[in-house]
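User: Could you walk me through the largest pocket, please? I'd like to know which residues line the largest pocket, and then what else is worth a look in the rest of the chain.

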Amino acid sequence: MRTLVVVDAANVVGSVPDGWWKDRRGAAERLRDALVAYAEEGVAGHPGPVEVVLVVEGAARGVESVPGVRVESAPGSGDDHIVEVAAGAAGRPCLVVTADRELRRRVGEVGAECAGPRTVRAAPQGARGTARPAPSDPQVE
């Protein structure tokens, strides 16, 4: 059963002060493109292949999906949409990537695991099905 990996685009993009605020849509597109490798390789504790969903909001709405990464534009609150996606995991493993404490609490209530932004900020390593362990990620808002 493939793990559903839901990525909070705003939170992950905002975790690195690289000028993302100048081009939010472009930053979301760069994150989307970086996530493609995780679809095949997996993320810490969840060997690939995994299903990757990138949830965007605000100025990043309208970013297109690419093979390996489904992009969903939140119609309102990105956090609310992430909770909906996690709740719809239909009994399979679900990992939400965010550092937002309140969002972590909410998705935990629907059975999802959580990991911080560093989980998807470095390229995955290892052979197919073996993801690199995530470093401890104390960066929680």
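Analyst: Some vocabulary to begin with: helices (H or I, at least four residues) and strands (E, at least two) are DSSP runs, numbered from the N terminus. On that basis the chain reads β-α-α-β-β-β-β-α-β-α-β along the sequence, with four helices and seven strands. This is a predicted model, where local features need pLDDT of at least 70 and side-chain atom pairs count only at pLDDT 80 or more, while totals for chains, interfaces and linings use all residues. Residues are numbered from 1 along each chain as its sequence is written, and side-chain values use heavy atoms, leaving out hydrogens and water.

Now your pocket. On a 1 Å grid over the protein atoms alone, a pocket is an open set of points with protein on both sides within 12 Å along at least five of seven lines, whereas a cavity is a set where a 1.4 Å probe fits but cannot get out; lining residues have an atom within 4 Å of a point. Grid points are joined across faces, edges and corners, and the volume is the space filled by probe spheres set on them. The largest pocket holds about 160 Å³. Its lining is made of Ala 9, Ala 10, Val 13, Trp 20, Arg 24, Ala 28, Glu 57, Gly 58, Ala 59 and Ala 60. Helices α1 (9-13) and α2 (24-41) each put in at least two residues, and α1 gives the most, with three. By chemistry, the lining splits into seven nonpolar, one polar and two charged residues; here Ala, Val, Leu, Ile, Met, Phe, Trp, Tyr, Cys and Pro count as nonpolar, Asp, Glu, Lys and Arg as charged, and the others, Gly among them, as polar.

Between α1 and α2 there's a loop, and Ser 15 sits in it. Ser 15 counts as partly exposed because its relative accessibility is 25%; buried means under 20%, exposed over 50%, partly exposed in between (1.4 Å probe, protein chains only). Leaving aside residues up to four places away in sequence, Ser 15 touches Pro 117 and Arg 121, a contact being heavy atoms within 4.5 Å. The C-alpha atoms of Ser 15 and Gly 116 are 9.5 Å apart, although 101 residues separate them along the chain. Across the chain, 58% of contacts between residues at least 6 apart in sequence join residues at least 24 apart.

What about the cysteines? A disulfide is a pair of cysteine sulfur atoms within 2.5 Å, and the count is zero. The sulfur of Cys 94 has its closest cysteine sulfur in Cys 114, 8.5 Å away, so the two are too far apart for a bond. Cys 94 is buried, at 4% relative accessibility, while Cys 114 is partly exposed at 29%.

Two backbone oddities to finish. Most residues other than glycine have a negative phi, and most peptide bonds are trans. Gly 48 and Pro 49, however, are joined by a cis peptide bond, with omega about 0°; Pro 49 lies in the loop between β3 (46-47) and β4 (51-56). Ala 90, not a glycine, has a positive phi of about 55°. Ala 90 is in the loop between α3 (78-87) and β6 (94-97), and is exposed at 70% relative accessibility.
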